[in-house]
Amino acid sequence: IISAQVIMKPHCVLGLATGSSPIGTYKQLIEWYNKGDLDFARVMSINLDEYKGLSPENPQSYRYFMNTHLFHKININHANTYVPNGTEPDAEKACQAYNELLHKIGPADIQILGLGHDGHIGFNEPGTSFDSVTHMIELKESTRQDNARLFFDGKIDEVPTHAITMGISNILQAKKVLLVACGENKAQPIKVLVEGEKTTDVPASALQDHNDVVVIVDKAAASLLTK
Ligand code: F6R
């Protein structure tokens, strides 16, 4: 789906995510780029989120993740890749700047999403308003624990307590949404997203209001679906 988008619209805007879910996707895109099938020269990208306080050079930052897992391995113009600014001391200013950027270059043609086991998308934790735009958020202990596993050698104390994230309404602006979820701990939010009631307790359920969402799951993540 993503490669078709890049081929059909070489100047497309990709909304990108970090975390374990899209790593295989990025590997596949790099492989096709190396084969000469994809050209990212005119593509722009906007990422969902960034930890507050982490610089782009910090290996735990989401900017660093994107550079190493995708941007440095394809011919995207680095100046056209955007991640919220985690080091701006005035978080309000950083959020406003990102919202302005999204208005200027967005909406994304495709937004890639992972899914938190508590139903979060981006870093929009349960309870976040569906009308939210880019904002700073305090991370739940369980989210910090999950992310410690991936990024911080399991040390939760090193995981920042706050992050800047696109809001749910920013995410809903994307023309198409592609959500990837694997594993048993995603089964409950997948059930609510696909078959349940829309509720701010499960932020991903906001996607029910979007008219073009593709949800890709493995058997474990699909295990609670009944219909
Ligand atoms: C990452 C992001 C998060 C993750 C989610 C799932 O940019 O916004 O919402 O997509 O926490 O993470 P993984 O894929 O590691 O299970």
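Strand 5 (residues 110-113) and strand 8 (residues 177-181) pair in the parallel sense over three bridges, where two strands count as paired if DSSP finds at least two bridges between them. Within this pairing, Ile112 has Leu178 in strand 8 as its bridge partner. The model is a predicted one, in which local features need pLDDT of at least 70 and side-chain atom pairs count only at pLDDT 80 or more, while totals for chains, interfaces and linings use all residues. Residues are numbered from 1 along each chain as its sequence is written, and side-chain values use heavy atoms, with hydrogens and water left out.

**The parallel sheet**

- Strands 5 and 8 belong to an open sheet of six strands, whose order is 4-2-1-5-8-9 and whose pairing is parallel; strands (E, at least two residues) and helices (H or I, at least four residues) are DSSP runs, numbered from the N terminus.
- At the edges of this sheet are strand 4 (81-82) and strand 9 (213-217), each of which pairs on one side only.
- Helix 4 (residues 91-105) lies across strand 1 (13-16), strand 2 (44-47) and strand 4, and runs at about 145° to strand 2; axes are lines fitted to C-alpha atoms, for helices over the stretch in contact (heavy atoms within 4.5 Å), and angles run from 0 to 180 degrees between N-to-C directions.

**The antiparallel sheet**

- Strands of a sheet pair through backbone hydrogen bonds, either parallel or antiparallel.
- An open sheet of three strands, in the order 3-7-6, has antiparallel pairing, and its edge strands are strand 3 (49-51) and strand 6 (135-138).
- Strand 6 and strand 7 (residues 162-165) pair in the antiparallel sense over four bridges, and here Glu138 stands opposite His162 in strand 7.

**Around the ligand**

- There are 14 residues around the ligand, of which Ser21, Asp49, His120, Gly122 and Lys186 come nearest; a residue is counted if one of its heavy atoms lies within 4 Å of the molecule.
- Polar contacts (pairs of N or O atoms within 3.5 Å) link oxygen atoms of the ligand to the side chain of Thr18 at 2.8 Å, to that of Asp49 at 2.5 Å and to that of His120 at 2.7 Å.
- The protein covers 95% of the 410 Å² of accessible area that the ligand has on its own, with areas taken from the Shrake-Rupley method with a 1.4 Å probe.

**Aromatic pairs and a cis bond**

- The whole structure holds four aromatic pairs, meaning rings of Phe, Tyr and Trp (its six-membered ring) with centres within 6.5 Å, where planes under 30 degrees apart count as stacked, over 60 as edge-to-face and the rest as tilted.
- The rings of Tyr51 and Tyr62 have centres 4.8 Å apart and planes at 55°, so this pair is tilted.
- Because Tyr51 lies in strand 3 and Tyr62 in helix 3 (residues 62-69), the pair ties together parts that are eleven residues apart in sequence.
- Gly106 and Pro107 are joined by a cis peptide bond, with omega about 0°, and Pro107 is found in the loop between helix 4 and strand 5.

Technical notes. Polar contact = N/O pair within 3.5 Å; in protein donor to acceptor, adjacent residues only side chain to side chain.
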